[in-house]
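Visitor: Could you walk me through this model? I have a few questions about its backbone and its pockets.

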Amino acid sequence: LGDWASVALMLNLVSKRKPDGYWENMDFLRDALLQLVHAFWFEEVDADTGQIFFYNDISGALTFEEPDERSGGGLDVPVMPSVSDVLEARRWDLHQAICLHGGYKEVLEHLGWMHKRKSENRHLLRFATLAQEMEEFLEENSAEHLIPPGRIPSQPVLLDADRDDLVQGIKWHGGFTRVARRVGRLPFAASDLVELRFAAAAFAEFAKSETAAARHPLPKGMRRIMPTDRQLIAAGRHDMRWALRIHDRAKLAEVAGLSDPNAAPPLNGRGSQRRRLDYTEARRYMHALEPRLQSQRRFREWSAAGNRAWFVPADPKLYYSDRGAWVSWAHFLGVTIGSSPGSKRSSRSKDGGVGGSGDSGSGTQQQSPAPAPLQRVRKFRTYTEARSYMWALRRNGSSEGGGSVEDSSTGTGAGTGMDEGGGGGGGGGGG
């Protein structure tokens, strides 16, 4: 008479036999497995309340709502039935199809499903069920077990309350820390630094102690500095390093009232590449400081105190002069050199900056009446002469040009100080 399909057609019947090559399609196999798992839902009645609930014998899930066929057992991930489940349903065709694709383990991995578990409380494999039972436990036992608000119970607390099922469910879902994060709570013994205000207070106190112990105190009016990772490691404050990972660094520094020169470089958007800012960006960064630095000397004190970020050069005049971008200290710092009462020198250089290369002629701005300006001990070389002198030393070697050079104005061996702020050698320091 032919094959099964031919006989079914002649008898006007529908054959349940699948056509050749049907089970080679993994989508058809997945749909058949979902139907099989759905067939293991059983409707039961709660003896105490008389409420109807549904129980799945493969996944162990419990639900009071009508289960969906596509749920795969009612858990977060569909459950792969075992060999005994397939054979109990007399699905020999499905068993052969699974073997065709390499076996039960291979099909499970291909579909991304979970293994069938035979332990008790398998309904807690569904995270929503675990979270609901956790909330019910907290409502009933928080006061008795002294559980702080916003936290989940610890393992000793759950074991003391005979809730081994919740302990097992939490382990199934990754542990107490991960479960706490997923339910929007904190672990039972979490540090107070998880709250922004406590973390900001800890950083402010740490910065205060570091400033008190520093060799170079901060200039007056300058905010304290956000500690670096190296400082935190040296102090053993790994809890504060962890706080930096869970809080926004800029927000943390703002709440703590600290400046953060060691943050990622501004404006260029490439914090992973350690490069100096160009002159325009560095000038914009220096102008944003509160309060602004008033002179080259204040800049050096500020840098020596550890406040300078790595993307700002230690000697900006030299660095940007080599690149043809330097203008003056006044232009770089955004101030008028010599106009403030605390300034010790008037603006006399040709480029308008402290430590400029001009002669000591009269400047365009009036000197402050108090305090009286300091007088130079000797006349310095001009910038061009000093630079030629230093280049000659480098060409000829220290043995030929390392001695003192007779200064034309004094007749004595003078240092080659190249700026007014004390940045040069010999005579520059005493200027």
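Visitor: Is Arg 90 buried or exposed?

Guide: A word on the model beforehand: it is predicted, so local features need pLDDT of at least 70 and side-chain atom pairs pLDDT 80 or more, while totals for chains, interfaces and linings use all residues. Residues are numbered from 1 along each chain as its sequence is written, and side-chain values use heavy atoms, without hydrogens and water. Buried means under 20% relative accessible area, exposed over 50% and partly exposed in between, with a 1.4 Å probe and protein chains only. Since its relative accessibility is 64%, Arg 90 counts as exposed.

Visitor: Where is Arg 90 found?

Guide: Most residues other than glycine have a negative phi. Arg 90, not a glycine, has a positive phi of about 60°. Helices here are DSSP runs of H or I with at least four residues, and strands are E runs of at least two, numbered from the N terminus. Arg 90 sits in the loop between helix H3 (83-88) and helix H4 (92-100).

Visitor: Which residues does a cis peptide bond join?

Guide: Most peptide bonds are trans. Here, omega is about -10° at a cis bond whose proline lies in the loop between helix H14 (279-287) and helix H15 (296-304). The residues joined are Glu 290 and Pro 291.

Visitor: Which element supplies the largest share of the lining of the largest pocket?

Guide: A pocket is an open set of points on a 1 Å grid over the protein atoms alone, where a 1.4 Å probe fits, with protein on both sides within 12 Å along at least five of seven lines; lining residues have an atom within 4 Å of a point. The largest pocket is lined by 19 residues. Strand S3 (62-63) and helix H6 (127-145) each supply at least two of them. The largest share, 4 residues, comes from H6.
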